[in-house]
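Take a look at the model below. We will start with a sheet and then turn to the pockets.

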Amino acid sequence: MFTGLIRELATVKSYQNNILSIRSKHKAKIGDSIAVNGVCLTVVRLHSDGFDVELADETRSIIDESRLKDRVHIEPAMQMNDRFEGHIVQGHIDCIGKIEQISKRDNGVDFVISVPADQMAYIVPKGSITIDGVSLTVNEVYDDRFRLTIIPHTMQQTLFGEYQIGTKVNIETDLFARYIENILSHRQKRKSMSWGEIDTIQMSY
């Protein structure tokens with residue numbers, strides 16, 4: 001589990017044969033889970049200046065592999081004694097979004113991002129969303145896109161300062177929105193559900 005708070009801007013050394021090699025100050029261990037641009041990946045090899053992670057076929061079918069270059073966001077998985085900040089992030093990408101508009105404000109920058117229509121049910125005004133691994137708050141929701149405001153600190157400490165119109169980003173929608181939709185869809189299929197069945201659904205998350 002992650003929080004959506006970026007710990008470091010690391011550098012991609014190479015990406016080939018499903019192996020992503022990263023130069024990082026973070027001292028990883030074999031088997032560690034690390035979110036790279038919001039994607040939960042497993043450390044498979046260590047180097048003096050970083051580590052390698054492996055991308056499964058399922059992951060590669062969802063994300064935009066062309067962005068696995070230059071600098072990337074990384075966040076190690078939470079430890080039991082960590083402070084809980086940001087929001088609950090799984091590192092499971094739901095879809096790719098596209099930046100449609102960028103507008104400067106007095107104290108921040110507005111980004112309008114489009115997503116596939118079937119994902120809009122999980123994007124809630126004032127709710128949480130993860131963009132390339134960054135925990136953010138949704139301001140407004142439209143038919144096939146949403147708006148959020150990035151404060152100066154986040155612009156400076158993340159890759160948002162480099163994003164342009166047309167940039168594709170990894171989107172993880174809110175866990176609780178997906179959880180509620182799952183329960184409701186099951187209830188529609190069956191007129192009633194026992195608490196045991198609801199418990200089983202909950203434990204699957």
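A strand here is a DSSP run (E, at least two residues), a helix is a run of H or I with at least four residues, and both are numbered from the N terminus. Two strands pair if DSSP finds at least two bridges between them. This is a predicted model: local features need pLDDT of at least 70, side-chain atom pairs count only at pLDDT 80 or more, and totals for chains, interfaces and linings use all residues. Residues are numbered from 1 along each chain as its sequence is written, and side-chain values use heavy atoms, without hydrogens and water.

Now find the open sheet. Its 7 strands run in the order β10-β9-β13-β7-β8-β12-β11, with antiparallel pairing. At the edges sit β10 (134-137) and β11 (140-141), each paired on one side only. The partner of β11 is β12 (residues 145-150), joined in the antiparallel sense over 2 bridges. There, Val141 faces Phe146 of β12.

Next, the pockets. A pocket is an open set of points on a 1 Å grid over the protein atoms alone, where a 1.4 Å probe fits, with protein on both sides within 12 Å along at least five of seven lines; lining residues have an atom within 4 Å of a point. The largest has a volume (the space filled by probe spheres set on the points, which are joined across faces, edges and corners) of about 300 Å³. Its lining has 13 residues, and Leu5, Ile6, His153, Gln157 and Thr158 lie nearest its centre. β1 (8-16), β10 and α2 (152-157) each supply at least two residues of this lining.

The second largest pocket holds about 260 Å³. Among its lining residues are Asn37, Asp64, Arg67 and Lys168.
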